[in-house]
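Here are my comments on the model you sent. Please read them with the structure open beside you.

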Amino acid sequence: MAGIEDFEKARDLAGRAMDRLLADQLAPNPENFTLWYAYFGGQLPDLTRAIDIARRDGITLSQTHCDELFKRFFTLDAEAQAIRETSERARTALGRILDQLGTVGSETDRYGQALAGFRGELDQALTVEELRAMVAAIAAETTSIVDRQARLQGQLQESSQQLAELRVVLDTARREAMTDGLTGIANRRAFDQTLVAAVEGALKDGTPLSLLMVDIDHFKIFNDTHGHLVGDHVLKLVAKVLTEGIKGRDTVARYGGEEFAVVLPRTELTNAITLADQLRASVGSRHIVNRARNASYGSVTLSIGAAQYRTGEELMALLRRADEALYVAKRGGRNRVTAEAPGS
């Protein structure tokens, strides 16, 4: 019976996914189908939230949006790929080192045995010629092992260098995995880790923590009117202005699409609101121009929601309050900062 129910559920999800693809005029390829199947299935809350925000704002998901969501939620990221590849290379390098160390041990044992044999012969009466021959043999054995040890040392140094290079590869992959490819700021993954660490710090030190959720007003219209290249320029400009407007311990991240987040440790809500208004004004004062074409595209504005962490609450509660405040700002006319509702 359970198998029949599972089949019916899967068929229903598949039908809803295909209906959505047809309604949005998206190609029914495996990536798009997987995206909407997972959305209707509800297995990925962050994916559901990202799509719900777009639909709430009246945005029809284009193929570009779908590609970005699929890459974000379903593809193997750079860090995981680097870990898999580097693990194989590290395993090979470590195996080589162990072989080299084993060779060092066996060569040392052989040399020790040779010297012990020579010492036994020295206990006997030897002629000058025999003693000369023994000294020459000891010298030859010593030269031989010194040469072999030198070669082994060179091989060990080479293997050590390879391991150092692998460590750099992993460090680079991790840094890239935590960075938004377009804007160069922290991505959603880095934001999640930063927020967790900020909450831990706030609990440990008893200090306040505030969060800003930032959205570019009417970005979809701007993007459709002027093209994706200009839209990308706007995203990079906003990221730059937000980054320049914060302090060293604060973090700006691209939360997804045209939405950004700002984590503000040791910051009360009132100060977070003040900073948010400064950021909003700074972005609004920037004029977007294409000097190569001598074209001006005007400016963009921001809507910002602010919330403060409450001791003991789940992170999703903080995110939800900041997001609700952002929605109030957008619904209230945009280009404004709104704080969380008291008692929300």
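The numbered points below go from the overall fold to the core, then to single residues and loops.

1. **Overall picture.** This is a predicted model. The chain has 344 residues, and 35% of them are buried. It contains eleven helices and seven strands. Among contacts with a separation of 6 or more, 66% join residues 24 or more positions apart.

2. **Main core.** The largest nonpolar core holds 31 residues. Inside it, the residues with the most contacts are Leu212, Ile216, Val234, Val238, Phe260, Val300 and Leu302. Helices and strands both feed this core: E1 (209-216), H8 (219-226), H9 (228-244), E3 (259-265), H10 (269-284) and E6 (302-308) each supply at least two residues. H9 contributes the most, with eight residues.

3. **Leucine 212 in that core.** Pick Leu212 and display its surroundings; it is one of the residues with the most contacts inside the core. Neighbours within four places in sequence are left aside here. Leucine 212 then touches Phe260, Ala261, Val262 and Leu264. It also meets Ala272, Ala276 and Leu279. Ile304, Gly305 and Ala306 complete the list.

4. **Second core.** A separate core of 21 residues is also present. Its members include Met178, Ala186, Phe191 and Leu326. Phe191 comes back in point 7, as part of a ring pair.

5. **Packing of H8 on H9.** How do H8 and H9 pack, in angle and in axis distance? The angle is about 135°, and the axes are 6 Å apart. The two helices are therefore oblique to each other; the cut-off for roughly antiparallel is over 145 degrees. On the H8 side, the contact uses Phe219, Phe222, Asn223 and His226. H9 answers with His228, Val230, Gly231, Val234 and Leu235. Val234 also appears in point 2, among the residues with the most contacts in the largest core.

6. **Aromatic cluster in the N-terminal part of the numbering.** The structure holds five aromatic pairs. In one of them, tyrosine 39 and phenylalanine 40 meet edge-to-face, 5.1 Å centre to centre with 75° between the planes. Tyrosine 39 and phenylalanine 40 are both buried. Ring pairs join Trp36, Tyr39 and Phe40 into a cluster. A charge is also placed here: the charged end of arginine 20 sits over the ring of tryptophan 36, 5.6 Å from its centre.

7. **A ring pair across the sequence.** Phenylalanine 191 and tyrosine 255 are another edge-to-face pair. Their centres are 5.3 Å apart, and the planes make an angle of 85°. Phenylalanine 191 belongs to helix H7 (residues 188-205) and tyrosine 255 to strand E2 (residues 251-256), so the pair ties together parts 64 residues apart in sequence. Both phenylalanine 191 and tyrosine 255 are buried.

8. **Leucine 47.** Is leucine 47 buried or exposed? Its relative accessibility is 0%, so leucine 47 counts as buried. It lies in helix H3 (residues 45-56). Leaving aside neighbours within four places in sequence, leucine 47 contacts Leu35, Ala38, Tyr39, Leu69, Phe73 and Phe74. Tyr39 is also a member of the ring cluster in point 6. Leucine 47 and leucine 35 are twelve residues apart in sequence, with their C-alpha atoms 8.5 Å apart.

9. **Positive phi in two loops.** Please look at glutamine 25 and arginine 266. Glutamine 25 has phi near 55°, a positive value in a residue other than glycine. It sits in the loop between H1 (2-23) and H2 (30-41). With 75% relative accessibility, glutamine 25 counts as exposed. Arginine 266 also has a positive phi, about 55°, and is not a glycine. Arginine 266 is placed in the loop between E3 and H10. At 46% relative accessibility, arginine 266 counts as partly exposed; exposed would need over 50%.

10. **Histidine 287.** This residue lies in the loop between H10 and strand E4 (289-290). Histidine 287 is exposed, with a relative accessible area of 61%. Which distance separates the C-alpha atoms of histidine 287 and glycine 298? They are 5.4 Å apart, while the residues are eleven apart along the chain.

Notes
Residues are numbered from 1 along each chain as its sequence is written. This is a predicted model: local features need pLDDT of at least 70, side-chain atom pairs count only at pLDDT 80 or more; totals for chains, interfaces and linings use all residues. Side-chain values use heavy atoms; hydrogens and water are left out. Helices (H or I, at least four residues) and strands (E, at least two) are DSSP runs, numbered from the N terminus. Buried means under 20% relative accessible area, exposed over 50%, partly exposed in between (1.4 Å probe, protein chains only). Contact means heavy atoms within 4.5 Å. Rings of Phe, Tyr and Trp (its six-membered ring) pair if their centres lie within 6.5 Å; planes under 30 degrees apart count as stacked, over 60 as edge-to-face and the rest as tilted. A charge sits over a ring if NZ of Lys or CZ of Arg is within 6 Å of the ring centre and within 35 degrees of the ring normal. A nonpolar core is a set of buried Ala, Val, Leu, Ile, Met, Phe, Trp, Tyr and Cys residues joined through side-chain atoms within 4.5 Å. Axes are lines fitted to C-alpha atoms, for helices over the stretch in contact, and angles run from 0 to 180 degrees between N-to-C directions. Angles under 35 degrees count as roughly parallel, over 145 as roughly antiparallel, 65 to 115 as roughly perpendicular and the rest as oblique.
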